[in-house]
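Trainee: Could you pick one part of this protein and walk me through it slowly? I'd like to see how a single piece fits in with what is around it.

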Amino acid sequence: MAGASPPATCLAIPTCCGRRTGYIAGDIKSGAGEEGGSDEGEGRSKKHYAVQLALYTDILERLGRSVGRRGFVWDIHGEEVPYDFMAIYTKNARRLWDDYQECLDHARAIAGRATETVPTSSAGTCKNCVWYTACIKRLEAANDLTLIPELGRSKRDAMIGRIGSVRELAEVAPADFIVGGKTVFAGIGTATLEKLHARAKLLTAENGKPYLRAPVSLPAADVELFFDIEVDPMRDVLLSARARGAPERGE
Ligand code: SF4
């Protein structure tokens with residue numbers, strides 16, 4: 001569902017642990033290897049990175065090729081960040097391997113149809129996801145509320161009991177859901193409800209078009225610059241940077 005992590009590559013690095021020889025799993029990531037760190041303090045392992053690495057480790061284990069429940073992330077800074085799945089990281093003795101097992105159980109429940117999942121449209125992640133075609137078909141068939149920009153899972157969950165689709169939202173009067181200056185939906189303010197309602201109306205209108213909510217002034221400038229910058233963040237290399245003036249002025 002929405003929230004997929006950035007593209008990753010799985011590496012299995014041969015290693016020697018005592019007299020056992022085998023592999024540990026690694027991932028190349030386009031983000032930092034840890035979260036919440038600072039210059040003075042250590043960061044924490046990212047749970048979604050850990051779950052992916054633990055899956056690769058589990059596969060290695062089942063193949064008899066793992067040398068231990070640990071892995072590493074090669075991150076955007078070129079750092080090799082170790083992940084120890086068996087280290088306790090909470091007061092109640094929680095380990096990253098427990099997080100992985102929990103996700104594995106959930107995935108098995110989905111595969112076994114014991115758990116029903118509902119897709120959530122997300123502009124940031126869905127377009128890069130292999131399930132996009134299947135999910136968008138389902139979302140459109142259901143006229144799902146998350147097809148509205150900036151209306152994600154939590155807002156849909158708050159509204160779904162009273163407003164079940166984009167069409168329904170377009171037809172309601174927002175004032176009917178505002179009591180004492182607040183909406184009846186947790187986490188949704190009055191201005192947000194009105195904005196989402198306007199978007200629902202646009203999406204369901206036959207000839208819905210963008211419109212200005214305030215006057216816009218786009219002053220002419222003597223010089224206009226257009227930038228085109230391409231980089232390889234993994235190698236910290238700037239491949240191309242171009243700037244040009246407004247073509248109609250021949251600059
Ligand atoms: S396309 Fe479907 S599975 Fe993929 S991120 Fe979007 S909702 Fe989730």
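Mentor: Let's look at helix H1 and the core around it, and then visit a few other spots for comparison. Keep in mind that this is a predicted model.

Some background to begin with. The protein has six helices and 10 strands. It has 251 residues, and 19% of them count as buried. Take the contacts with a separation of 6 or more: 49% of them join residues that are 24 or more positions apart.

Now find H1, which runs over residues 47-62. At 1.5 Å a residue, its 16 residues should span 22 Å, and the end C-alpha atoms are indeed 22 Å apart. Just after H1 comes Gly64, with a positive phi of about 75°.

Which residues of H1 are buried? They are Tyr49, Ala50, Val51, Gln52, Leu53, Ala54, Tyr56, Thr57 and Leu60. Keep that list handy, as some of those names come back when we turn to the core.

The largest nonpolar core has 15 residues. Those with the most contacts inside it are Ala50, Leu53, Ala54, Tyr83, Phe85, Leu96 and Tyr100. At least two core residues come from each of strand S2 (20-28), H1, strand S6 (80-84) and H2. H1 gives the most, with seven residues.

Pick out Leu53 and ask what it is in contact with, leaving aside neighbours within four places in sequence. The partners are Ala25, Asp27, Gly71 and Tyr83.

Phe85 is another good one to click on. You'll find Phe85 in the loop between S6 and H2. Is Phe85 buried or exposed? It has 21 C-beta neighbours inside 10 Å, and a residue needs 20 or more to be buried, so Phe85 counts as buried. Not counting residues up to four places away in sequence, Phe85 touches Ala50, Ala54 and Thr57, along with Arg69, Arg70, Arg95, Leu96, Trp97 and Tyr100. Look at the pair Phe85 and Ala54: they are 31 residues apart in sequence, while their C-alpha atoms are 7.1 Å apart in space.

Next, the helix that packs on H1. H2 covers residues 96-111, which makes 16 residues, and reaches 22 Å from its first C-alpha to its last, close to the 22 Å expected. Two packed helices are described by the angle between their axes and the distance between the axes. For H1 and H2, the angle is about 75° and the axes are 9 Å apart. Angles of 65 to 115 degrees count as roughly perpendicular, so that is the label for H1 and H2. On the H1 side, the contact is made by Lys47, Ala50, Val51, Ala54 and Leu55. On the H2 side, Leu96, Trp97, Asp99, Tyr100 and Cys103 take part.

Follow H2 to its end and you meet Arg113, in the loop between H2 and helix H3 (132-142). Most residues other than glycine have a negative phi. Arg113 is not a glycine, yet its phi is positive, about 60°. Arg113 is exposed, with 7 other C-beta atoms within 10 Å. Asn143 is also not a glycine and has a positive phi, of about 50°. Asn143 is found in the loop between H3 and helix H4 (153-159). With 17 C-beta neighbours inside 10 Å, Asn143 counts as partly exposed.

Let's finish with another helix. H6 runs over residues 190-204, and its 15 residues reach 21 Å from the first C-alpha to the last, close to the 21 Å expected. The buried residues of H6 are Leu193, Leu196 and Ala200. Why do they sit on the same side of H6? Because they cover an arc of only 65° around the axis. What they pack against is helix H5 (166-171) and strand S8 (182-183).

Leu202 is in H6 as well. With 16 other C-beta atoms within 10 Å, Leu202 is partly exposed. Leu202 and Ala170 are 32 residues apart in sequence, with their C-alpha atoms 8.2 Å apart in space.

How values were computed:
Residues numbered from 1 in each chain as written. Predicted model: local features only at pLDDT ≥ 70, side-chain atom pairs only at ≥ 80, totals over all residues. Helix = DSSP H or I, 4+ residues; strand = E, 2+ residues; numbered from the N terminus. Buried ≥ 20, exposed ≤ 12 C-beta atoms within 10 Å, placed from the backbone. Contact = placed C-beta atoms within 7 Å. Expected span 1.5 Å × (residues − 1). Core = buried A, V, L, I, M, F, W, Y, C linked by C-beta atoms within 7 Å. Arc of directions from axis to C-beta. Axes fitted to C-alpha atoms, helices over the stretch in contact; angles between N-to-C directions. Parallel < 35°, antiparallel > 145°, perpendicular 65-115°, else oblique.
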